[in-house]
Amino acid sequence: MKKIGLAIASIIAIAAIYYYISGSAHLSSRMKAHVGAEMASLQTQGFSVEEEISEQKEHFIITTDEPSKAAAYLSAQGVHTTLEDMEALKGAKVRVDVAYMADAYSAASFDIYPAALPLALTSDSLSDDDKKAAVLLQKLIDKKTFLLHVDVNKLGNGFRGYIKDIQEVIEDKRKITVAMKDLKFTGDLKDDTLSSVKQTLKNFRVESEDELITMKINHLTSHYILTGTTRYDYRIEYAIEEMSFSAKDVFDLHVENITMNSASNESNGLASVTVET
């Protein structure tokens, strides 16, 4: 699950870059120029970019080459990441398929998904179990299992999107089902910067065939709002209708109606955070 989490994290990190770079484009030609300029900029920020261009679409493969530069760049854009996170993603490839003016809403649409595992998961020094897990994960990547779709509107002040539904049975030492349904989001851009994101998730489930481990989350909502000029000025609201986690013959945890409100602000170079659950 940690390895799957890394793959999803790489998608979200690159998506956040796109939320930032797409704010000022109103027309297809301007959007193309803007995306091209930002792709060139990425190559000075710890990433390398391969490019394919057709009449209506562009395709990019982004590779994390220099973790320290990449971490600093993402942090400057408001993406919460660490050097350790980026070190773990060194060598990972993310593919971005871009379409322009695809519908009445969108100036540009992005399909973003991992294309290759990071070097840490392809090393010959991995244990046999880790090598098997890497092979299974690469198969999921090859099927575009972890795909994020984003549409940026024609006014350049908002976006919407979703993560493709997941329904996979992973067979290793035992069969494990991983399922996710209806993860959708909308957001606002202000002055070319992400200002708010709302997210909903219908359900997420991981369970083994022998019920040794089962985890379920039903009906999650979240709302992120930027309240100031720094990435530490924000408010987050979460709500989960139902969550359960069980390990057969060991314990069974079931929680309903979880809420969390968190507020953060920066003053004189110090961040203050309040969390209420």
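# Paired strands and one helix

Strand β2 (residues 57–64) joins strand β3 through seven bridges, and the two strands run antiparallel. This is a predicted model. The points below follow the strands from β2 to β5, then helix α5, then strands β10 to β12. They end with some asparagines and a patch on the surface.

**Strand β3 and its partners**

- Strand β3 covers residues 93–100. Seven of its eight residues are buried, so the rest of the structure largely encloses this strand.
- On the β2 side, Glu58 stands opposite Val98 of β3.
- Strand β4 (residues 106–116) also pairs with β3. The sense is antiparallel, and the pairing runs over eight bridges.
- Two examples show how β3 and β4 line up. Arg95 has Tyr113 of β4 as its bridge partner. Asp97 has Asp111 of β4 as its bridge partner.
- β3 and β4 form a hairpin. Five residues lie between the two strands.
- Met101 sits in the turn of that hairpin, and its phi is positive, about 55 degrees.

**Strands β4 and β5**

- β4 is mostly covered. Eight of its eleven residues are buried.
- β4 pairs with β5 as well. Six bridges link β4 and β5, again in the antiparallel sense.
- Ile112 stands opposite Leu148 of β5.
- Strand β5 covers residues 148–153, and Asn153 lies in it.
- Is Asn153 buried or exposed? Buried means under 20% relative accessible area. Asn153 has 11% relative accessibility, so it counts as buried.
- Asn153 and Asp103 are 50 residues apart along the chain. In space, 9.7 Å separates their C-alpha atoms.

**Helix α5**

- Helix α5 runs over residues 128–142.
- How far should its 15 residues span? At 1.5 Å a residue, the expected span is 21 Å. The end C-alpha atoms of α5 are 21 Å apart, which agrees.
- Which residues of α5 are buried? They are Ala134, Leu137, Leu140 and Ile141.
- Look down the axis of α5: the buried residues fall within an arc of 120 degrees, so they line one face of the helix.
- Asp128, Lys139 and Asp142 are exposed on the other side of α5.
- Lys144 follows α5, and the phi of Lys144 is positive, near 55 degrees.

**Strands β10, β11 and β12**

- Strand β10 covers residues 213–226, and strand β11 covers residues 234–247. They pair over 13 bridges in the antiparallel sense.
- Ser222 stands opposite Tyr238 of β11.
- β11 turns up in another pairing, this time with β12. That pairing is antiparallel too, over 13 bridges.
- Ile240 stands opposite Ile258 of β12.
- β11 and β12 form a hairpin with three residues between the strands. Asp249 in this hairpin has a positive phi, near 65 degrees.

**Asparagines with positive phi**

- Asn257 lies in strand β12. Its phi is near 55 degrees, a positive value in a residue other than glycine.
- Asn257 counts as exposed because its relative accessibility is 61%, and the cut-off for exposed is over 50%.
- Where does Asn268 lie? Asn268 is in the loop between β12 and β13 (270–276).
- The phi of Asn268 is positive and near 55 degrees, and this residue is not glycine either.
- Asn268 has a relative accessible area of 77%, so it is exposed.

**A nonpolar patch on the surface**

- Which residues make the nonpolar surface patch? They are Leu212, Ile213, Phe245, Val250, Phe251 and Leu253.
- The patch has an area of about 520 Å².
- Leu253 of this patch lies in strand β12, which covers residues 251–267.
- Leu253 has 42% relative accessibility, so it counts as partly exposed. That label applies to values between the buried limit of 20% and the exposed limit of 50%.

Terms used
Residues are numbered from 1 along each chain as its sequence is written. This is a predicted model: local features need pLDDT of at least 70, side-chain atom pairs count only at pLDDT 80 or more; totals for chains, interfaces and linings use all residues. Side-chain values use heavy atoms; hydrogens and water are left out. Patches are made of residues with over 30% relative accessible area and no salt bridge: like charges are joined within 9 Å, nonpolar side chains (Val, Leu, Ile, Met, Phe, Trp, Tyr) within 5 Å. Accessible areas come from the Shrake-Rupley method with a 1.4 Å probe; for residues, only the protein chains shown count as cover. A salt bridge is a side-chain nitrogen of Lys or Arg within 4 Å of a carboxyl oxygen of Asp or Glu. Helices (H or I, at least four residues) and strands (E, at least two) are DSSP runs, numbered from the N terminus. Buried means under 20% relative accessible area, exposed over 50%, partly exposed in between (1.4 Å probe, protein chains only). Two strands pair if DSSP finds at least two bridges between them. The expected span of a helix is 1.5 Å times one less than its number of residues. The arc is that of the directions from the helix axis to the C-beta atoms.
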